[in-house]
Amino acid sequence: MRIDLHAHSNASDGTDSPAELVANAVAAGLDVVALTDHDTVSGHAEAVEAVHALPEGSRLTLVPGAELSCHIGGISMHLLAYLFDPAEPAFAAERELVRTDRFRRGRAIVERCRELGAPISWAQVERIAGAGSVGRPHIASALVEAGVVETVSEAFTPQWLANGGRADVRKHETDPATAVRLVRAAGGVPVFAHPGAVKRGRTVSDQVIADLAAAGLGGLEVDHTDHDEAARTHLAGLAAELGLFTTGSSDYHGSRKTVRLGEHTTDPAAYEALLAQATGAKPVSR
Ligand code: AMP
Ligand code: FE
Ligand code: FE
Ligand code: ZN
């Protein structure tokens, strides 16, 4: 079983359409893929349709999800949410709040970039983002188009878009314990995304993770491209101590990042533990 529980489509900052993501998951030999766009479920319907339309003989299970933008003590963090009821109003309202603030903040970041001499425009960012939940990676792509930086990841430095960087502007982000409760109340399973991704900025303490476990967190994403060996070992130990399952996933973003689908995968036993906790929605199979 090859299980990848974290992937983005162009419903947020990935570059594959949801249908392309499904096709690429089959091509990558995955058995299970989760669609986890930032603060939105708008790619779910297309992905579900694509799974149902897969040719006879191909086999793929889609786990509908999302990745929530959260913030605690000045530190940004991401919370993966799986198999929640997308229509549950409290959680839906919170996703909507974050998405709406992404537009205000995106415009402000573009303004900052222009003040700093980068010839990009909001219209350009809107074109790049399309209908997707707009974020810094779209602005990074605009900076690449304008020749200001060579790659998307080069835009994530203190010079430009990194957390606390010259052109970074904060958006509304949910308190993570609140987010954990919202996900659970919608029947979903919350998993802390890349908790040890130090290259993205400051990370939260073990105490914060323990507090989130007490609030209902289900698991920790341990095998992730932004974690070194020491971080993986530490997080796996912490998860065992706190009774959390651990996942591995690619955090695929299409051509916007270099990571490939299935580059990291989740143990079937952890996937079973996740399924056993979910009541808000069901995985979708061919
Ligand atoms: P936003 O949701 O607009 O705050 O942007 C966060 C997104 O930017 C993350 O989901 C990643 O896709 C991307 N990102 C964050 N840090 C980096 C980095 N150091 N290199 C490349 N992409 C990054
Ligand atoms: Fe992203
Ligand atoms: Fe993330
Ligand atoms: Zn992600």
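Trainee: How far apart are the iron ion (ligand 3) and the iron ion (ligand 2)?
Mentor: The two iron ions are 5.3 Å apart. Keep in mind that this is a predicted model, in which local features need pLDDT of at least 70 and side-chain atom pairs count only at pLDDT 80 or more, while totals for chains, interfaces and linings use all residues. Residues are numbered from 1 along each chain as its sequence is written, chains are lettered from A and ligands numbered from 1 in the order in which they are written, and side-chain values use heavy atoms, with hydrogens and water left out.

Trainee: OK, which residues are the protein donors of the iron ion (ligand 3)?
Mentor: They are Glu67 through OE, His78 through ND1 and His194 through NE2, at 2.0 to 2.2 Å from the ion. Donors here are N, O and S atoms within 2.8 Å of the metal (3.2 Å for Na, K and Ca), and water is not among the atoms, so sites may look incomplete. Along the sequence, these donor residues follow the spacing E-x10-H-x115-H.

Trainee: And where do Glu67 and His78 lie?
Mentor: Glu67 belongs to strand β3 (residues 61-72) and His78 to strand β4 (residues 75-82), so the pair ties together parts that are 11 residues apart in sequence. Strands (E, at least two residues) and helices (H or I, at least four) are DSSP runs, numbered from the N terminus.

Trainee: Are Glu67 and His78 buried or exposed?
Mentor: Both Glu67 and His78 are buried, where buried means under 20% relative accessible area, exposed means over 50% and partly exposed is in between, with a 1.4 Å probe and protein chains only. The areas themselves come from the Shrake-Rupley method with a 1.4 Å probe, and for residues only the protein chains shown count as cover.

Trainee: What about His194, why does that one count as buried?
Mentor: His194 counts as buried because its relative accessible area is 6%. His194 sits in the loop between β5 and α8, and its phi is positive, about 25°, although it is not a glycine.

Trainee: Switching ions, what coordinates the iron ion (ligand 2)?
Mentor: That ion is coordinated by Asp13 (OD), His38 (NE2) and His253 (NE2), at 2.1 to 2.2 Å. His38 in strand β2 (residues 32-38) and His253 in the loop between β7 (245-248) and α10 (268-277) are 215 residues apart, and the pair links these distant parts of the chain. Both of these histidines are buried.

Trainee: Now ligand 1, how many residues surround it?
Mentor: There are 14 residues around ligand 1, and the closest are His38, Arg102, Arg105, Arg136 and Lys171; a residue is near a molecule or strand if one of its heavy atoms lies within 4 Å of it. A polar side-chain atom of Asp13, which also coordinates the iron ion (ligand 2), is 3.1 Å from an oxygen atom of ligand 1. A backbone N or O atom of Arg136 is 2.8 Å from an oxygen atom of the ligand, and an N or O atom in the side chain of Lys171 is 2.8 Å from an oxygen atom of ligand 1. On its own, ligand 1 has 500 Å² of accessible area, of which the protein covers 94%.

Trainee: Where is Lys171, and what else does its side chain make a polar contact with?
Mentor: Lys171 is in the loop between α6 (152-155) and α7, and its side chain makes a polar contact with the side chain of Glu173 at 2.8 Å. A polar contact is a pair of N or O atoms within 3.5 Å; within protein, one must be able to donate a hydrogen and the other to accept it, and residues adjacent in sequence count only if both atoms are side-chain atoms. Lys171 counts as buried because its relative accessibility is 9%.

Trainee: Last topic, how many residues has the largest nonpolar core?
Mentor: It has 29 residues, and those with the most contacts inside it are Leu79, Phe91, Phe192, Leu212, Leu217 and Leu220. A nonpolar core is a set of buried Ala, Val, Leu, Ile, Met, Phe, Trp, Tyr and Cys residues joined through side-chain atoms within 4.5 Å. Among the elements that give two or more residues to this core are β3, β4 and α7 (176-185). A second, separate core has 21 residues, including Val125 and Leu161.
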